[in-house]
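Here are a few exercises to help you find your way around a new structure. Try each one yourself before reading the solution.

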Amino acid sequence: MEILDLRARPWKVHSAYTAATVQMGGALLEPFLKKEEREIERDFYLEWARRIGANSVLDLATGKARIPIIFARDGVSEITALDASRESLECARTEIERELSAEDAARITLVQGDMRRFSFPKLFDLATIAYQSFWWNFAKNCRLLFRYYERGPHGKSIPRRVVERTGLLIYLQGVYCVRSVCRSLRTGGVFIVDHPFIQRGLPHVEVVSVGEEWWRGLAHQCRFKILQIDKEFLIAEKL
Ligand SMILES: C[S@@+](CC[C@H](N)C(=O)[O-])C[C@H]1O[C@@H](n2cnc3c(N)ncnc32)[C@H](O)[C@@H]1O
């Protein structure tokens with residue numbers, strides 16, 4: 001099973017995407033995902049795929065391809081699983097080969113790319129960002145901000161304009177991701193974000209806060225209609 005490289009240019013893989021993190025992420029995820037929860041999650045995604053008659057699905061920050069495996073088992077014809085990390089995709093490949101028949105596995109395409117900037121030559125019916133993975137859009141720049149403060153001259157704080165610019169950069173990452181998703185969906189296509197609200201304190205920036213208002217602003221800008229929004233899920237339809 002081949003892993004396609006969709007990166008515009010090879011970038012130095014950020015330490016957040018190393019094998020250790022993937023393993024740790026997997027290990028952290030497993031105990032939280034009880035059998036019943038997995039079943040509820042599976043039924044939820046399948047119900048949406050069936051409701052809109054999805055033939056093609058794009059799963060972003062796919063990790064070990066948990067969600068693509070669910071869709072492939074249910075007979076969805078084309079599933080694209082994107083992740084920034086080669087290590088994640090290697091784990092995904094192993095899981096797919098272990099869990100699925102060769103015929104089902106062949107319907108999944110593994111792609112190395114950045115969920116904040118991607119484009120495909122075709123449009124998808126459904127896009128998913130499962131299990132709190134939307135947060136990863138912001139992770140890298142939050143680290144950048146932490147680093148600024150750690151290295152501040154003699155412990156003095158960094159000028160406010162730098163803080164503001166970096167803060168803005170953090171929010172932009174989410175905007176880029178949603179824009180890329182909307183560009184990749186057909187009209188009437190649906191996207192689902194698990195845990196769309198993020199609130200996290202950072203030094204000198206009160207909180208990184210992505211809430212309902214942020215999504216509603218973006219809906220207008222990127223032309224999508226919010227079908228459901230709460231702490232659990234954002235479900236939106238491309239207009
Ligand atoms: C919690 S894990 C994936 C969980 C997976 N969605 C699931 O439901 O099982 C988060 C994944 O996001 C990936 N990731 C982080 N930043 C990314 C980015 N900018 N673009 C694509 N993938 C990214 C990491 O490599 C990691 O595999």
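**Exercise 1.** Find the residue just after α2 that takes a positive phi, and then check the span of that helix.

*Solution.* Go to the end of α2 and step just past it: Gly53 is there, with a positive phi of about 60°. Keep in mind that you're looking at a predicted model. Now for the helix itself: α2 covers residues 35–51, which makes 17 residues. At 1.5 Å a residue, counting one less than the number of residues, the expected span is 24 Å, and the end C-alpha atoms are 24 Å apart, so the two agree.

**Exercise 2.** Work out which residues are closest to the ligand and which elements help to surround it.

*Solution.* Start with the shell: 20 residues surround the ligand, and the closest are Ala61, Gly63, Ser85, Ala130 and Tyr131. Next, look for elements that give two or more residues to this shell; they are α1 (19–32) and α3 (66–73). Finally, sort the shell by type: you get nine nonpolar, six polar and five charged residues.

**Exercise 3.** Find the members of the largest nonpolar core that touch the most other members, then follow the contacts of Ala81.

*Solution.* The core has 46 residues, and the ones to pick out are Val57, Phe71, Ala81, Ala127 and Phe191. Now take Ala81 and skip its neighbours within four places in sequence: its contacts include Asp59, Pro68, Ala92 and Ile108.

**Exercise 4.** Describe the protein chain as a whole.

*Solution.* First count the elements: eight helices and ten strands. Then check burial: 33% of the 239 residues count as buried. Last, take the contacts with a separation of 6 or more; residues 24 or more positions apart account for 72% of them.

Methods: Residues are numbered from 1 along each chain as its sequence is written. This is a predicted model: local features need pLDDT of at least 70, side-chain atom pairs count only at pLDDT 80 or more; totals for chains, interfaces and linings use all residues. A residue is near a molecule or strand if its C-beta atom, placed from the backbone, lies within 6 Å of it. Helices (H or I, at least four residues) and strands (E, at least two) are DSSP runs, numbered from the N terminus. Ala, Val, Leu, Ile, Met, Phe, Trp, Tyr, Cys and Pro count as nonpolar, Asp, Glu, Lys and Arg as charged, and the others, Gly among them, as polar. A nonpolar core is a set of buried Ala, Val, Leu, Ile, Met, Phe, Trp, Tyr and Cys residues joined through C-beta atoms within 7 Å. A residue is buried if 20 or more other C-beta atoms lie within 10 Å of its own, exposed if 12 or fewer, and partly exposed in between; C-beta atoms are placed from the backbone. Two residues are in contact if their C-beta atoms, placed from the backbone, lie within 7 Å.
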